[in-house]
Amino acid sequence: MSYQINETHDPNLRSWVESANDPNTDFPIQNLPYGIFKRSDSEEDFRIGVAIGDQILDLEKCDKANLLPGVAGSAVRLNFPGNINRLMWLGQHAWATLRQRLSWLLREDRADIQLNKKLVRKILLPAAEAEVAVPANIGDYTDFYASVYHATNIGKMFRPDNPLMPNYKWVPIGYHGRASSIVVSGTPVRRPIGQTKDDNAEAPTFGPSKVLDYELEVGFFVGGGNDQGKPIKITEAEDHIFGLCLVNDWSARDIQRWEYQPLGPFLSKSFATTISPWIVTMEALAPFRAPAFKRPAGDPEPLPYLDSPENRERGGFDINLEVLISTEQMREKGIAPHRLSRSNTQDLYWTFAQMLTHHTSNGCNLRPGDLMASGTVSGATKDSRGCLIELTERGAEPINLPTGEVRRFLQDGDEGILRGYCEREGFRRIGFGECRGVVLPVSV
Ligand code: CA
């Protein structure tokens, strides 16, 4: 069952948190994304919070102040410090109840809270004074390959005559990623060392990757899981999705090229994956749903287990994505980050529901807090390619930056910045915040 539009999506709702009413904020009262946070440089435990404007609402303190009665309060109390897996486990009824309560709590007409300055100081922390962390205890991480444009562009580089593998339009392709190296936005990422082999070389060498790339992706967190041996039907898939975040699947192309056959990516990807700290819930995204990808004439229809009328009509999402770069020189000179590309999740050939259903179709069990990512979100046009290997045609067409610097791939000191937001006539714009990471040189 997917969410209906309700009073929490009302574009006229305003919050007593003034910054949430700024038309440019990613976090208006209509969004209410979850994460974990603590006061910077403190010994506090990370605890559950909601991003609202430039503030974080402390749900534990709200509960202690008796502002979250019933199910809403227990959804908060059940969580262990350091992650929100229990909230993910509780399921749609609890998620919807908590959202409704938080929306009401933050409304402008709650003068009782607004005027109680002591209470406000207790339950709000400026985001600038907070440290965030990976919000869930991520047991397993799977990365899909759902953009047919990305798969075709990459395939062309290796197999010009036959870019798409024959299974692509039948099977949502994915690989099992590494959960232990997932980091939150803002964490520096060290350039990996690995085995690479030049085409003309006799033997591989071992050293720093020279071809480091980012991948612009959207991820979803699994809410309620499934028992082993009990696949999740496509009609129930979305009941098992808690919410979405941005994902940067850092990729060392030279390591990948040498290792990827026959079993797919391994050490070229597992050194780091960066995610945005705030999970935008499925309910917050209800106004921004879209039909599943329109398959061109001649493409096969999905097999019945991956098909449903609801998935066809509104299995997709209209999320605008962009990726920017900021080099060390740009930061020194005070030059704003430079946008490299823009794309949209409507370009994904497979929906998240199809990915989740396919993942469990063999009986594989998913657990609350598992992360699944879309794969690089690239569109049909050149300016919508979601990674550097596609944008620069494997380095043949370098990118000129405003400083006069040139990039084929990422250099040490470069920061990759992903952003995402949803806009639709008649609704309030909501965003995902940022997913950033600076590349550090290899450790010596
Ligand atoms: Ca990827």
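This report describes a predicted model, taking its domains, its calcium site and two local regions in turn.

## Domain arrangement

The domain assignment divides the chain into domain 1, residues 7-133, and domain 2, residues 141-440. The C-alpha centres of these two domains are separated by 29 Å.

## The interface between the domains

The size of an interface is often expressed as the accessible area that is lost when the parts come together. For domain 1 and domain 2, the area buried between them is about 2,400 Å², and carbon and sulfur atoms account for 64% of it. In terms of residues, 32 from domain 1 are in contact with 28 from domain 2.

Polar interactions also cross this boundary. Between the two domains there is one salt bridge. The side chains of aspartate 26 and arginine 429 form a salt bridge with an N to O distance of 2.9 Å. Across the interface, 11 residue pairs are in polar contact, both residues of each pair having pLDDT 80 or more. On the side of domain 1 that touches domain 2, the elements contributing two or more residues are strands S1 (34-39), S2 (47-52) and S5 (130-133), together with helices H3 (85-90) and H4 (92-105).

## The calcium site

A calcium ion is coordinated by four residues: Asp143 and Asp249 through OD atoms, and Glu215 and Glu217 through OE atoms, at 2.2 to 2.4 Å. Along the sequence, the spacing of these donor residues follows the pattern D-x71-E-x1-E-x31-D. The site thereby links distant parts of the chain, with aspartate 143 in strand S6 (residues 141-144) and glutamate 217 in strand S13 (residues 216-222), 74 residues apart. Aspartate 143 and glutamate 217 are both buried.

## Helix H7

Helix H7 spans residues 148-158, and its buried residues are Val148, His150, Ala151, Asn153, Ile154, Gly155 and Met157. These buried residues of H7 pack against helix H12, which covers residues 388-391.

## The surroundings of arginine 407

Arginine 407 lies in strand S24, residues 406-407. Is this residue buried or exposed? Arginine 407 counts as buried because its relative accessibility is 9%, whereas the cut-off for a buried residue is under 20%.

The side chain of arginine 407 makes a polar contact of 3.4 Å with that of glutamate 405. Beyond the neighbours within four places in sequence, arginine 407 is in contact with Ile325, Thr327, Thr392, Pro398, Ile399, Leu401 and Asp414.

Terms used: Residues are numbered from 1 along each chain as its sequence is written. This is a predicted model: local features need pLDDT of at least 70, side-chain atom pairs count only at pLDDT 80 or more; totals for chains, interfaces and linings use all residues. Side-chain values use heavy atoms; hydrogens and water are left out. Donors are N, O and S atoms within 2.8 Å of the metal (3.2 Å for Na, K and Ca); water is not among the atoms, so sites may look incomplete. Helices (H or I, at least four residues) and strands (E, at least two) are DSSP runs, numbered from the N terminus. Buried means under 20% relative accessible area, exposed over 50%, partly exposed in between (1.4 Å probe, protein chains only). Contact means heavy atoms within 4.5 Å. Domain bounds come from an automatic or database domain assignment. Buried area is the accessible area (1.4 Å probe) that two parts lose on being put together, summed over both. A salt bridge is a side-chain nitrogen of Lys or Arg within 4 Å of a carboxyl oxygen of Asp or Glu. A polar contact is a pair of N or O atoms within 3.5 Å; within protein, one must be able to donate a hydrogen and the other to accept it, and residues adjacent in sequence count only if both atoms are side-chain atoms.
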